[in-house]
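The following paragraphs walk through a predicted model, beginning with a single side chain and its surroundings and then turning to a pocket.

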Amino acid sequence: SPALDDDPHIILLHIGTNDVSKAPSDMEVRLERLIDLILEEAPDALLVVASLVPSDRSSYPDAVIVDYNAKIPAMVRARADMGFKIIFVDQYEGFVKSTELADGLHPNEAGYARMADKWFNTVKVYLHE
């Protein structure tokens, strides 16, 4: 991907939200493939993989999100154990559906602000002055 051509130092990955309703089977398999591709294409970057935020839509069952999210830490840990620079950030925990979702699925400004704080607090120990 051209996005990786510039040798990024940090890659933030929060992916799968739209799959929850449209293609929930094998979401974790697709995520694993993407993680491996990113690690292959940008081996020097820190890859930060996030859990999905919750859903407040009946067509996007939160139970599917919870199940998907539960599989992510093990994927990340397995690759970290192999020596890759990869960490997990929990974007689900503490997310307030009633005030941080724009459409019951995607974050609003407050939701994105919360996510940005979690991203930053997770990666700040990796930043150099």
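Asp 62 has a relative accessible area of 17%, and because buried means under 20%, this residue counts as buried. Asp 62 belongs to helix 3, which covers residues 62-81. Once the neighbours within four places in sequence are set aside, the residues in contact with Asp 62 are Pro 54, Ser 55, Tyr 92 and Lys 97.

Two of these partners can be described in terms of polar atoms. The side chain of Asp 62 makes a polar contact of 2.5 Å with the side chain of Tyr 92, and a polar atom of the Asp 62 side chain also lies 3.0 Å from the backbone nitrogen of Ser 55.

Ser 55 itself sits in the loop that runs between strand 2 (46-50) and helix 3. Its relative accessibility is 3%, so Ser 55 is likewise classed as buried, the limit being under 20%. Apart from neighbours within four places in sequence, Ser 55 is in contact with Tyr 60, Asp 62, Ile 65, Lys 97, Leu 101, Gly 104 and Leu 105. Lys 97 is thus a contact of Asp 62 and also of Ser 55.

Leu 105, one of the contacts of Ser 55, leads on to the largest pocket, whose lining includes this leucine. That pocket has a volume of about 150 Å³, and Leu 105 shares its lining with His 14, Ile 15, Gly 16, Thr 17, Val 53, His 106, Pro 107, Tyr 112, Met 115 and Trp 119. Sorted by class, the lining comprises seven nonpolar and four polar residues, with no charged residues.

Definitions and conventions: Residues numbered from 1 in each chain as written. Predicted model: local features only at pLDDT ≥ 70, side-chain atom pairs only at ≥ 80, totals over all residues. Heavy atoms only, no water. Helix = DSSP H or I, 4+ residues; strand = E, 2+ residues; numbered from the N terminus. Buried < 20%, exposed > 50% of the residue type's maximum accessible area, 1.4 Å probe, protein only. Polar contact = N/O pair within 3.5 Å; in protein donor to acceptor, adjacent residues only side chain to side chain. Contact = heavy atoms within 4.5 Å. 1 Å grid on protein atoms, 1.4 Å probe; cavity = no way out; pocket = protein on both sides within 12 Å on 5 of 7 lines; lining within 4 Å. Points joined across faces, edges and corners; volume = space filled by probe spheres on them. Nonpolar A, V, L, I, M, F, W, Y, C, P; charged D, E, K, R; others polar.
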